[in-house]
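Me: I have a model open here and would like to go through it with you. Could you take my questions as they come?

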Amino acid sequence: MTSISACATGYERFLKLKAPHVKDFELVNELGETPQEQLSKAVLVIGAGGLGCEILKNLAMTGFKNIHVIDMDTIDISNLNRQFLFRTKDVGKPKAEVAAEFIRQRSPEISITAHYKRIQDMPEEFYLGLSLIVCGLDSIDARRWINAYIHELADRHGMEGFKPIVDGGTEGLKGNMRVILPKVNACFECGLDIYPPKVTYPICTIANTPRLPEHCIEWASVLEWPRVFPDTKLDGDNVDQINWVVEQASERAASFNISGITFSLAQGVVKNIIPAIASTNAIIAAACTNEAFKIITGSNPYLDNSLLYVGDSGMYFLTYPLFQNDDCIVCGQKEGTIEISSDSTLQQLIEALQEHNTFQLKAPSLTYSSTNLYFQGPPMLEEKTRPNLEKKLCQLFESGSALTVTDPTLPTSLRVIVNFSDFEQQQEEGSK
Amino acid sequence: MRRPRSVTANESNQGKRMRTESDKAQLYDRQLRLWQKDGQAALERARVLVFGSSTLASELLKDLVLPGIGEFTVVDDATVDEQELRTNFFVRPTDLGRLRAQCIVANLSELNPDVIGQAVVASAVDFMNSNTELFDTASLVIVCAQPESVVCELSRRCDKANIPMLAASSAGFQAEVLTSVSEHTVVESHADTRADLRVMTPFAELRKYADSVNLESMDSTDLAHVPYVVLIIKALDKWAADSGVEKKGLEYKQKSEIATLLREMAPTPDEENFSEAANNVIILCVDYEVPLEVKQILEDPAAKLIASNAQTDSFWLLANALRRYMESTYSEGMLPHSGAIPDMKADTNSYIELQRLYKQKAEQDKTELTAHLHNVLQEASLPSNHVSPGTIDLFCKNANRLRLVRTRLLHQVLESKPDNLEELAGNGVLAHYALFRATDAFYVKSDRYPGAPPQNDSPAKLDDIVQKDTPVLKQIAESLMAESWGVADPEVPEDLAAEFVRSGNLQLHSTSAFVGGILAQEAIKLLTHQYVPHSNITIIDAANSKFVATKV
């Protein structure tokens with residue numbers, strides 16, 4: 001090795017000096033690439049929001065030379081308390097484009113490409129060309145999709161399809177980070193139960209026995225809105241519409257002696273708003289970028305594989321290895337089993353697939369052998385298969401049958417074995 | 001980003017359009033859901049004084065300017081160099097050679113037009129000695145990447161002016177954040193507390209209400225709508241009558257019996273409210289206990305002394321009143337009730353009635369506490385309206401999660417041995433802490449940081465410097481541990497020393513962004529008096545993804 005300029009600065013020092021914590025640290029990797037060359041390969045940042053803005057800045061200032069950013073969202077005024085690449089004048093513009101332009105201005109030597117799109121809309125070649133993915137998303141569904149998609153790439157393309165994912169998430173003064181190496185350690189789906197499901201209120205409480213202001217807001221937004229405005233979807237960002245909800249909810253609350261309905265609460269319930277602040281995003285995004293840098297350059301060992309951060313009561317950090325779940329529908333056996341009574345309807349099976357811990361599907365479509373049992377869309381197919389929803393499962397297939405299930409959270413289909421919980425009993429009755 | 005302009009102490013951003021309240025509600029919506037209007041107001045009143053303008057300072061300030069801190073002042077006389085262009089996002093290539101404090105203030109101010117930022121071009125020590133007023137009116141001092149001698153001097157100065165202080169430094173993947181605050185009180189700690197339902201010792205109105213509910217006369221529909229608080233009180237009564245045992249200090253086995261009883265009382269096995277009741281027996285059927293942290297506050301000398309010295313701080317005046325309240329027969333040894341109860345399966349009327357009872361109890365408790373407060377105020381020769389009704393209300397609502405934080409002052413910490421050697425060692429960060437101290441000692445001795453090239457000695461080979469400095473740094477750290485801290489057989493891992501030296505004490509962007517986030521979060525806690533600060537140190541080893549908050 002030639003002598004190193006003594007004035008090497010920033011991250012460069014770490015690419016030129018022996019890494020004390022890495023055994024057999026090589027300044028070139030197995031493909032003969034120097035760390036500089038490795039940093040020139042494309043990385044993708046998913047999400048240009050609170051975490052995304054931080055991640056983009058961090059990657060740019062850490063030596064990454066070829067950055068892609070994808071986000072389907074536009075800028076809202078309530079983003080500006082943390083998404084520091086945006087200004088008031090940018091409200092309404094695509095996040096990915098404004099964020100990329102800002103980084104371009106600050107660091108013109110970096111190639112940065114914006115995609116104002118959904119992750120599902122990018123072609124396979126695009127994903128194959130990446131070295132790594134950093135996720136800064138608030139949507140669980142999008143994270144499940146990219147996780148499953150990247151695992152499928154690894155399945156089909158071997159090393160060429162192997163794309164590490166560094167995933168960050170925050171809520172208020174809490175956050176978490178995961179390093180996902182497809183097929184090597186636990187995937188996003190393996191740890192799905194860490195994320196609590198969205199708070200929901202039983203319909204009977206909303207309709208009959210409200211106790212909390214939230215119950216009245218749900219009554220106004222979930223029951224009353226579609227009744228009064230059957231053709232308009234309630235828009236949580238529309239001030240007039242939220243004011244209507246507030247008015248209706250307040251009236252109902254008053255009749256039940258319930259207090260505490262405010263605009264802010266109503267909007268929070270309707271939009272399922274999660275509190276977010278700059279400092280937590282900074283901590284988690286920095287942890288993500290730090291791991292990304294270590295994975296790409298090998299300049300230090302990367303995390304195995306999870307970090308939990310809790311900042312509201314003191315400072316608490318927990319790092320731990322999350323284990324692969326053998327039953328995982330993405331990286332495990334790619335097959336699920338569900339038990340349900342043969343008397344249940346197809347509709348009830350669909351609900352079970354939505355609520356079941358292992359599946360947590362959004363809007364599953366089901367096929368048995370070559371029969372379309374139920375399709376969520378297109379409308380013609382939905383209409384044609386809708387009558388099956390009322391049918392009992394035992395009229396449609398036998399216990400132990402394998403259904404093919406597709407769902408917006410999964411890029412490919414899933415095999416689900418349906419066992420009838422009353423199967424043995426039926427057998428016995430049959431033999432009598 | 002706009003071209004940086006020169007900003008001096010005399011020039012500020014005044015005259016910019018201030019946002020209206022409703023604009024702010026929208027802009028700050030996601031944080032108002034955490035610290036509410038009073039937390040936001042505290043942030044907007046705050047004046048933060050920052051020493052240093054490197055990447056660490058920039059990142060920290062970004063996280064304070066965005067949520068709308070009132071004012072910030074950056075003190076530094078450094079200029080922008082090559083290293084800074086590579087790591088500091090808030091300087092631009094055209095800033096090379098310019099005064100760094102001015103560059104970052106200009107670029108950071110752009111993030112939020114409501115925030116007033118100013119740069120003072122001076123060294124920390126010069127500023128400290130000349131700008132008395134700017135210093136004394138600061139709400140918080142934050143020291144970024146300064147030598148220990150400067151940190152200690154600033155700590156003494158902060159102590160004199162009674163200003164809390166945060167300090168951070170980093171070396172590559174390694175960093176530490178320290179807090180110095182002689183006293184910090186928290187009313188809205190947002191701490192998780194278990195539901196305060198008082199089923200073991202129902203207050204008079206709750207007892208009366210529970211007695212008025214006659215389960216025997218109800219049909220199964222009505223039974224399914226009785227709130228679990230009432231069910232547990234009934235089951236406890238029955239269990240105590242049947243067993244002849246007092247409702248006190250219940251053991252796990254006894255609580256299980258009560259839970260079983262509740263399941264037997266249910267009209268159908270899976271009736272939701274009865275299940276809720278049975279599931280809550282273990283955590284609710286316990287003797288009332290004042291939380292340890294609140295006990296400490298009540299036993300603090302400041303909660304006992306008023307008349308002799310001029311105590312005017314509302315927290316301590318209220319703590320005085322609370323201590324008297326707790327000693328009175330009225331309280332029965334229980335803190336004022338917050339008035340809040342969790343949601344539970346019930347029909348609307350029962351739940352609303354139950355809620356009303358607890359709220360009424362909370363109001364009575366508050367009235368009682370206010371009476372004690374008036375005595376306290378009178379004895380302290382303070383007007384009876386010295387503490388506002390809103391403040392009293394908030395104090396009562398949070399009485400079971402009050403917090404008091406006192407840390408050692410930073411100059412005391414740095415000039416003596418760590419308070420908690422075992423805990424540091426147990427957390428695996430004693431060597432990190434020692435290496436930070438050793439890095440400073442190396443700097444004092446050699447006038448350069450470990451791993452940094454000596455001046456007038458180029459072109460030196462960087463790997464040679466690193467190789468030479470590593471054992472020296474390790475040796476300094478080990479003798480510090482042995483001689484000053486009394487550690488037998490101290491051992492600093494060679495790898496870790498080498499990692500410190502590899503950095504040349506330079507800042508890496510990601511580490512700085514991480515530390516900036518922690519500094520900002522701790523600053524927000526101190527300024528809003530909400531949430532609970534860390535003990536007094538957080539150590540970040542990003543090389544090994546190891547993060548530890550502990551006490552020195």
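Me: To start, how far apart do the C-alpha centres of domain 1 of chain A and domain 3 of chain A lie?
Reply: The C-alpha centres of those two domains of chain A lie 37 Å apart. Please keep in mind that this is a predicted model, in which local features need pLDDT of at least 70, side-chain atom pairs count only at pLDDT 80 or more, and totals for chains, interfaces and linings use all residues. Residues are numbered from 1 along each chain as its sequence is written, while chains are lettered from A and ligands numbered from 1 in the order in which they are written.

Me: How many residues does each of the two put into their contact?
Reply: Domain 1 of chain A gives eight residues and domain 3 of chain A gives eight residues, where two residues are in contact if their C-beta atoms, placed from the backbone, lie within 7 Å. On the domain 1 side of chain A that touches domain 3 of chain A, the residues divide into four nonpolar, no polar and four charged. In that scheme Ala, Val, Leu, Ile, Met, Phe, Trp, Tyr, Cys and Pro count as nonpolar, Asp, Glu, Lys and Arg as charged, and the others, Gly among them, as polar.

Me: And where do the domains of chain A run?
Reply: Domain 1 of chain A covers 12-196 + 276-320, domain 2 covers 203-271 and domain 3 covers 335-431, with bounds that come from an automatic or database domain assignment.

Me: What about secondary structure in chain A, how many helices and strands?
Reply: Chain A has 15 helices and 13 strands; helices (H or I, at least four residues) and strands (E, at least two) are DSSP runs, numbered from the N terminus.

Me: What strand order does the sheet of eight have?
Reply: The order in this open sheet of chain A is E3-E2-E1-E4-E5-E6-E7-E8, with mixed pairing, and two strands pair if DSSP finds at least two bridges between them. Strand E3 (111-115) and E8 of chain A stand at the edges, each with a single partner strand, so one side of each has no neighbour in the sheet. From one strand to the next the twist averages 15 degrees; axes are lines fitted to C-alpha atoms, for helices over the stretch in contact, and angles run from 0 to 180 degrees between N-to-C directions.

Me: In which sense do E4 and E5 of chain A pair?
Reply: Strand E4 (residues 130-136) and strand E5 (residues 165-171) of chain A pair in the parallel sense over four bridges, and Ile133(A) has Ile165(A) in E5(A) as its bridge partner. Helix H6 (residues 140-157) of chain A packs on this sheet, touching E1, E4, E5 and E6 of chain A, and its direction makes about 160 degrees with that of E4(A).

Me: Moving on, which strands are at the edges of the five-strand sheet?
Reply: That open sheet of chain A has the order E9-E13-E12-E10-E11, with mixed pairing, and its edge strands are strand E9 (335-340) and strand E11 (371-374) of chain A. Here the twist averages 35 degrees from one strand to the next. Strand E10 (residues 365-368) of chain A pairs with E11(A) in the antiparallel sense over three bridges, with Leu366(A) opposite Tyr374(A). Helix H12 (residues 346-355) of chain A lies across E9, E11, E12 and E13 of chain A, running at about 125 degrees to E9(A).

Me: Which residues does UniProt list for "domain: E2 binding"?
Reply: The unreviewed UniProt entry lists residues 338-421 of chain A, a stretch that is 25% helix and 29% strand, with its end C-alpha atoms 9 Å apart. UniProt positions are given in the numbering used here, feature names are shortened, and annotations may be inferred rather than shown by experiment.

Me: Where does UniProt put the "active site", and is that residue buried or exposed?
Reply: The unreviewed entry places it at Cys204(A), which is found in helix H7 (residues 203-207) of chain A. Cys204(A) is exposed because it has 8 other C-beta atoms within 10 Å; a residue is buried if 20 or more other C-beta atoms lie within 10 Å of its own, exposed if 12 or fewer, and partly exposed in between, with C-beta atoms placed from the backbone.

Me: Last topic, how many residues do chain A and chain B bring to their contact?
Reply: Chain A brings 63 residues and chain B brings 70 residues. On the chain A side, the largest share, 11 residues, comes from H11(A), and by class that side has 34 nonpolar, 22 polar and seven charged residues.
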